[in-house]
Amino acid sequence: MKAFACPTNAVRRFALPALISYATGTLLGAAFLGMIPAALSQAPVLPVMTAVLIGMVLFFVLEKLVLWRHSHDDPDEARGSAGPLILFGDSLHNFVDGVVIAVAFMTSIPLGIATALAVIAHEIPQEVGEFAILLDAGYGRARALALNALSASMTLPGGILAYFWLSGAQQAVPYVLGLSAASFIYIASADLIPSLNRQQTAAGSIRQFVLLVAGIATIALFYIGGH
């Protein structure tokens with residue numbers, strides 16, 4: 001653990017802020033440029049936006065219940081018994097990510113690609129941070145890596161179940177898209193942006209802004225370019 005501490009700290013200090021900035025842009029871009037417009041093209045404005053609002057409240061409650069807990073910025077907060085909690089929360093999160101990706105692909109290929117990219121972008125810093133948490137909680141590197149991979153694999157059953165369920169219930173797709181958009185907006189605004197706001201230097205803040213805009217632009221190119 002001692003030998004791994006320096007690289008882990010270096011990653012957390014330099015690489016994670018850059019990844020989180022880019023991920024924030026992809027999440028916001030996928031929600032506002034892809035999911036919400038796609039949902040509004042299939043259902044009335046008020047029900048769709050109600051679904052988005054309900055989703056925001058739901059994810060707030062889930063996080064308060066420590067069922068939806070991300071640790072991108074301060075893994076030192078989680079020790080000891082936090083390991084199983086982190087793994088449970090991440091498994092649930094990845095299962096929902098699978099549902100989100102399946103719904104997006106069922107709506108359109110460009111939206112599916114943009115959504116998958118946004119999921120991957122925010123999963124990278126999350127998984128790096130959670131790997132550091134597990135190491136800090138006393139897990140060996142091999143065990144932490146294996147458990148992280150197992151929780152990440154929950155994306156597949158989420159996608160499969162969503163595909164078979166929603167293929168027979170197309171009327172539910174726009175509202176699931178609204179809930180999915182809410183999850184992306186909540187993660188970006190309640191979890192990622194606060195950690196970015198801890199950056200105090202002008203150069204760091206400019207770098208964050210550029211990467212955030214780059215994340216939005218990437219989603220715009222994938223989604224808008226597919227039409």
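1. In which helix is V57 found? In this predicted model, V57 is found in helix 2. That helix spans residues 45–64 and has the highest confidence in the chain, with a mean pLDDT of 90. V57 has a relative accessible area of 47%, so the residue is classed as partly exposed.

2. V57 also belongs to a nonpolar patch on the surface. Its other members are L53, F60, V61 and L65, and the patch covers about 470 Å².

3. A second site for attention is T218, which lies in helix 8 (residues 202–224). T218 counts as buried because its relative accessibility is 17%, below the 20% cut-off. Leaving aside residues up to four places away in sequence, T218 touches Y22 and L117.

4. The side chain of T218 takes part in polar contacts of two kinds. One joins the T218 side chain to that of Y22, at 3.0 Å. The other runs from the T218 side chain to the backbone oxygen of A214, at 2.8 Å.

5. Confidence should be considered alongside these points. The chain has a mean pLDDT of 78, and 77% of its residues reach 70 or more. Confidence is lowest in helix 1 (residues 2–40), where the mean is 73. Over residues 1–7 the pLDDT is below 50, and this stretch has 7 contacts in the model beyond near neighbours in sequence. Residues 70–81 also have pLDDT below 50, with 29 contacts beyond near neighbours in sequence. Where pLDDT is low, the predicted coordinates should not be read in detail.

Note on methods:
Residues are numbered from 1 along each chain as its sequence is written. This is a predicted model: local features need pLDDT of at least 70, side-chain atom pairs count only at pLDDT 80 or more; totals for chains, interfaces and linings use all residues. Side-chain values use heavy atoms; hydrogens and water are left out. pLDDT is the predictor's confidence in each residue, from 0 to 100. Helices (H or I, at least four residues) and strands (E, at least two) are DSSP runs, numbered from the N terminus. Contact means heavy atoms within 4.5 Å. Patches are made of residues with over 30% relative accessible area and no salt bridge: like charges are joined within 9 Å, nonpolar side chains (Val, Leu, Ile, Met, Phe, Trp, Tyr) within 5 Å. Accessible areas come from the Shrake-Rupley method with a 1.4 Å probe; for residues, only the protein chains shown count as cover. A salt bridge is a side-chain nitrogen of Lys or Arg within 4 Å of a carboxyl oxygen of Asp or Glu. Buried means under 20% relative accessible area, exposed over 50%, partly exposed in between (1.4 Å probe, protein chains only). A polar contact is a pair of N or O atoms within 3.5 Å; within protein, one must be able to donate a hydrogen and the other to accept it, and residues adjacent in sequence count only if both atoms are side-chain atoms.
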